[in-house]
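Student: I have the model open and want to walk through it piece by piece. Can we start with one helix and go from there?

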Amino acid sequence: MVPEQREALDEIIVKIRAGRMTRRTFLERAVAIGLSTTVAGSLLEACGGSSGTSGGGGQATNVVWQSENDTSGTYPAMVDTYNKTNKDNVHVTWRNGPSNTDQMLTLYDNTLRARSGNIDVMSIDVVYPAEFSSNGWTVDLSSKWPASDRANYLPGPIKSCTYNGQIAAAPLRTDLGVLYYRKDIVSTPPTTFNDLTSMAKSNASKTKYGYIWQGSQYEGLVCDFVEVLYGYGGAILDPTNSKKVVVNSPEGVQALTEMVSWVGTISPISITTFNEEQCRQAFQNGDAIFMRNWPYAYALGNASGSKVAGKFDIHSIPYGGSNTTGHSAVGGWNMAINAYSKNTDASWTFIKYMLSAPAQKVLAIKGSFTPALKSVYNDPEVQSKQPLFTKLQPILQNALPRPVSPVYPDLSNIVQTHIHQALTKSVSPADALSALQSELQTLVSK
Ligand code: GLC
């Protein structure tokens, strides 16, 4: 959305909330601004006001936590435990999020532009704190959260929550891309993309697909693309100058050519519609030798009902060209307090619980989520119950973030569009990168 659209939208939001506009006019104007009727409708609903209930007279304060998508049952179980055991006089209502982080952003965008306090605690993707903070959508946590305690958490996620000196959110968990491989089919995992391709080809008769990854046009594709790009030694923005786009480089062309070469060979043509969950389900069904995914797929892949329980392991993301190190994209989810919430203190009380050592251990053991608290990684119980934790330290050390920008959603959309066009073979990798370079350069120069 361009700034002019945002301004026009803000104007009608102010009017509807003040009762100076009818619902019908609101919907007409919102569609004229460029919103779909569904999005306009949910924005109108969000403008209807806040449902946050403040406790009083001994009644518990209800805190609504909107989390990212959780298919492992970890979050509802943790909320249940908290509600049954806490002495804080806080009750938490958990809402699961959509399986696509872009849809999650639309939901927040609607809620927050409507200045709604319907959600108190928002799980926000690691790429969004800068945007949320610069829009004034989050409560600054720096005075609530002492620096001495913050030091116990991984520095990368803390940095990702810090914008213009404010702490926009507290990191619940980090995330890092890993390569899953079937150890009953290949005895040693591939270290380079060339190895991966040749292993997938020589074992092609053993499973339906060789390699599955996130090729659909959404945020997940940005993660998969940067991993291949970084693996070839390329980057999107110049690491020393965030106003300079460097994606159209020889390394960039090599990386994108490599990804395009997988489509219809070691990966199905339909890979251009796969997200994390489709990959996980196919892998669990025994349909692939290799899968790129996040650690959450480890616990689910070993759970009862999975056809590959005990038959797979994880490894770092491969590399290519003249490079010698693979790099995971850093993902993760942070808990922010909605600036329009009426339950700020109760929200922080709940967030503190989720950051506590026992809660962070539950994340690791039940969900195989990678928590933000450093001490969990070396915890013997965690390592024995979820052995992937014995392999994560070096992968974490080489993980690299996606570009950091207050206009990240626009940046991401531009990347998604051009990379997806190359994957669907509508344009060549070289043309896609050249168009990507110039559009991104215009964006970051503004
Ligand atoms: C995971 C990551 C998140 C990323 C998303 C992409 O949820 O934690 O950072 O943006 O996947 O699909």
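Student: What do the buried residues of helix 11 pack against?

Tutor: They pack against helix 9 (193-202), strand 8 (209-212), helix 10 (219-231), helix 18 (408-423) and helix 19 (429-445). Packing here rests on contact, meaning heavy atoms within 4.5 Å. Helices (H or I, at least four residues) and strands (E, at least two) are DSSP runs, numbered from the N terminus.

Student: Before I go on, what should I know about the model and the numbering?

Tutor: This is a predicted model, in which local features need pLDDT of at least 70 and side-chain atom pairs count only at pLDDT 80 or more, while totals for chains, interfaces and linings use all residues. Residues are numbered from 1 along each chain as its sequence is written, and side-chain values use heavy atoms, with hydrogens and water left out.

Student: Fine. Which residues of helix 11 are the buried ones?

Tutor: G252, A255, L256, E258, M259, V260 and W262. Buried means under 20% relative accessible area, exposed means over 50%, and partly exposed is in between (1.4 Å probe, protein chains only).

Student: How many residues does helix 11 have, and what follows it?

Tutor: Helix 11 (residues 250-262) has 13 residues and reaches 19 Å from its first C-alpha to its last, close to the 18 Å expected at 1.5 Å a residue. The expected span is 1.5 Å times one less than the number of residues. After helix 11 comes G264, with a positive phi near 85 degrees.

Student: Strand 8 came up. What sheet is strand 8 in?

Tutor: An open sheet of 4 strands in the order 8-11-7-12, with mixed pairing. Two strands pair if DSSP finds at least two bridges between them. Strand 8 and strand 12 (312-315) are the edge strands, each pairing on one side only. Neighbouring strands of this sheet are turned by 15 degrees against each other on average, direction ignored. For such angles, axes are lines fitted to C-alpha atoms, for helices over the stretch in contact, and angles run from 0 to 180 degrees between N-to-C directions.

Student: Which helix packs on that sheet?

Tutor: Helix 12 (residues 276-284), touching strand 7 (178-182), strand 8, strand 11 and strand 12. The direction of helix 12 makes about 150 degrees with that of strand 11.

Student: And strand 8 with strand 11, parallel or antiparallel?

Tutor: Parallel, joined by 3 bridges, with strand 11 covering residues 288-293. I212 stands opposite M291 in strand 11.

Student: What about the sheet of 6 strands, what is its order?

Tutor: The order is 2-1-3-13-6-14; this sheet is open and its pairing is mixed. Strand 2 (90-95) and strand 14 (370-371) stand at the edges with a single partner strand each, so one side of each is left without a neighbour in the sheet. Helix 4 (residues 74-85) packs on the sheet, touching strand 1 (61-66), strand 2 and strand 6, and its direction makes about 165 degrees with that of strand 2.

Student: Is strand 1 buried or exposed?

Tutor: Buried: 6 of the 6 residues of strand 1 are, so strand 1 is largely enclosed by the rest of the structure. T61, V63 and W65 lie on one side and N62, V64 and Q66 on the other, so to speak two covered faces. Strand 1 runs parallel to strand 2, with 6 bridges joining them, and N62 stands opposite H91 in strand 2.

Student: How do strand 6 and strand 13 pair?

Tutor: Strand 6 (residues 170-176) and strand 13 (residues 330-337) pair in the antiparallel sense over 6 bridges. D175 stands opposite G331 in strand 13.

Student: Switching to the ligand. Which residues come nearest?

Tutor: Of the 13 residues around the ligand, D125, D175, E276, G332 and R402. Being around it takes a heavy atom within 4 Å.

Student: What polar contacts are there with E276, W294 and G332?

Tutor: A ligand oxygen atom is 2.6 Å from an N or O atom in the side chain of E276, and for the side chain of W294 that distance is 3.2 Å. At G332 a polar backbone atom is 2.9 Å from an oxygen atom of the ligand. A polar contact is a pair of N or O atoms within 3.5 Å; within protein, one must be able to donate a hydrogen and the other to accept it, and residues adjacent in sequence count only if both atoms are side-chain atoms.

Student: Last one: where is S368, and is S368 buried or exposed?

Tutor: S368 lies in the loop between helix 15 (357-367) and strand 14. S368 is buried, with a relative accessible area of 0%, and has a positive phi of about 45 degrees although it is not a glycine.
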